[in-house]
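Thank you all for making time this morning. I would like to walk you through one protein chain, slowly enough that everyone can follow it on the screen.

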Amino acid sequence: MKEFDLEYIQTHIHKIQVSFGDKEVHLDDLNIAYQEERGSVKILIIEDSLSNIRKVIGDQSPLIFDILPLSLEELFIYEVGGEDDDVQKLIF
């Protein structure tokens, strides 16, 4: 069983949509928990402070940079198991 601290989740787990075009970037300073690519756009779930995320990504001049809402279902899938897990099939 896992407990969630709502305040921690709100301040340290973020869903980011970002595109750098054809540029090579380095996001090693971020704790990326999940990553998905849709063309040149990356969807990232990052466990880090929003200020650090903005600094690391912003310093690399992204073409697109959006902070998206993270649903409870996505959080549950991230915490329980990956996208191939049976849990995701039950939720979606």
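Let me begin with helix 2, where the face turned away from the buried side carries Ser51 and Lys55, both of them exposed. Please keep in mind throughout that what you are looking at is a predicted model, and that the numbers I quote are computed from it.

Now turn to the other face of this helix. Which residues of helix 2 are buried? They are Ile53, Val56 and Ile57, and because these three cover an arc of only 90° around the axis, they sit on the same side of helix 2. As for what lies over them, the cover for the buried residues of helix 2 includes strand 1, strand 3 and strand 4.

With that helix in mind, let us step back to the whole chain. The protein chain has four helices and four strands, and if you read along the sequence you will meet them in the pattern α-β-β-β-α-β-α-α. Of the 92 residues in the chain, 28% are buried, while the exposed surface comes to about 6,300 Å², with carbon and sulfur atoms supplying 49% of it. If we consider the contacts in the chain with a separation of 6 or more, residues 24 or more positions apart account for 63% of them.

The sheet is my next topic. In what order do the four strands lie in the sheet? The order is 2-3-1-4, in an open sheet with antiparallel pairing. Strand 2 and strand 4, the latter covering residues 64-68, are the edge strands, each pairing on one side only, and from one strand to the next the twist averages 20°. For those of you who are new to this, strands of a sheet pair through backbone hydrogen bonds, and they may do so in a parallel or an antiparallel way.

Let us go across the sheet pair by pair. Strand 2, residues 32-38, is joined to strand 3 by six bridges in the antiparallel sense, and here you can find Gln35 standing opposite Leu44. The hairpin made by strand 2 and strand 3 has two residues between the strands, and in it Gly39 takes a positive phi near 70°. Strand 3 then pairs with strand 1, again in the antiparallel sense, over seven bridges, and in this pair Lys15 stands opposite Ile45. Strand 3 is mostly covered, with six of its seven residues buried. Finally, strand 1 and strand 4 run antiparallel and are joined by five bridges, with Gln17 opposite Asp66.

Asp66 deserves a moment, since it links two distant parts of the sequence. This residue lies in strand 4 and is partly exposed, with a relative accessible area of 34%. Leaving aside residues up to four places away in sequence, Asp66 touches Lys15, Ile16 and Gln17. The C-alpha atoms of Asp66 and Lys15 are 8.6 Å from each other, although the two residues are 51 residues apart along the chain.

We can now put helix and sheet together in the core. Which elements give two or more residues to the largest nonpolar core, a set of 11 residues that includes Ile16, Phe20, Leu44 and Ile57? They are strand 1 (13-19), strand 3 (41-47) and helix 2 (50-58), and it is helix 2 that gives the largest share, three residues. One of the core residues, Phe20, touches a number of others when we do not count residues up to four places away in sequence, among them Val25, Leu27, Ile57 and Ser61.

Two loop residues remain. His26 lies in the loop between strand 1 and strand 2. Is His26 buried or exposed? It counts as exposed, because its relative accessibility is 53% and the cut-off for that word is over 50%. Even so, His26 touches Val56 and Gln60, again not counting residues up to four places away in sequence, and the C-alpha atoms of His26 and Ile57, 31 residues apart along the chain, are separated by 8.9 Å.

The other residue, Ser61, lies in the loop between helix 2 and strand 4, where it is partly exposed, with a relative accessible area of 46%. Its phi is near 50°, a positive value in a residue other than glycine. For context, most residues other than glycine have a negative phi.

Methods: Residues numbered from 1 in each chain as written. Predicted model: local features only at pLDDT ≥ 70, side-chain atom pairs only at ≥ 80, totals over all residues. Heavy atoms only, no water. Contact = heavy atoms within 4.5 Å. Buried < 20%, exposed > 50% of the residue type's maximum accessible area, 1.4 Å probe, protein only. Areas by Shrake-Rupley, 256 points an atom, 1.4 Å probe, with all protein chains shown as cover. Pairing = 2+ DSSP bridges. Axes fitted to C-alpha atoms, helices over the stretch in contact; angles between N-to-C directions. Arc of directions from axis to C-beta.
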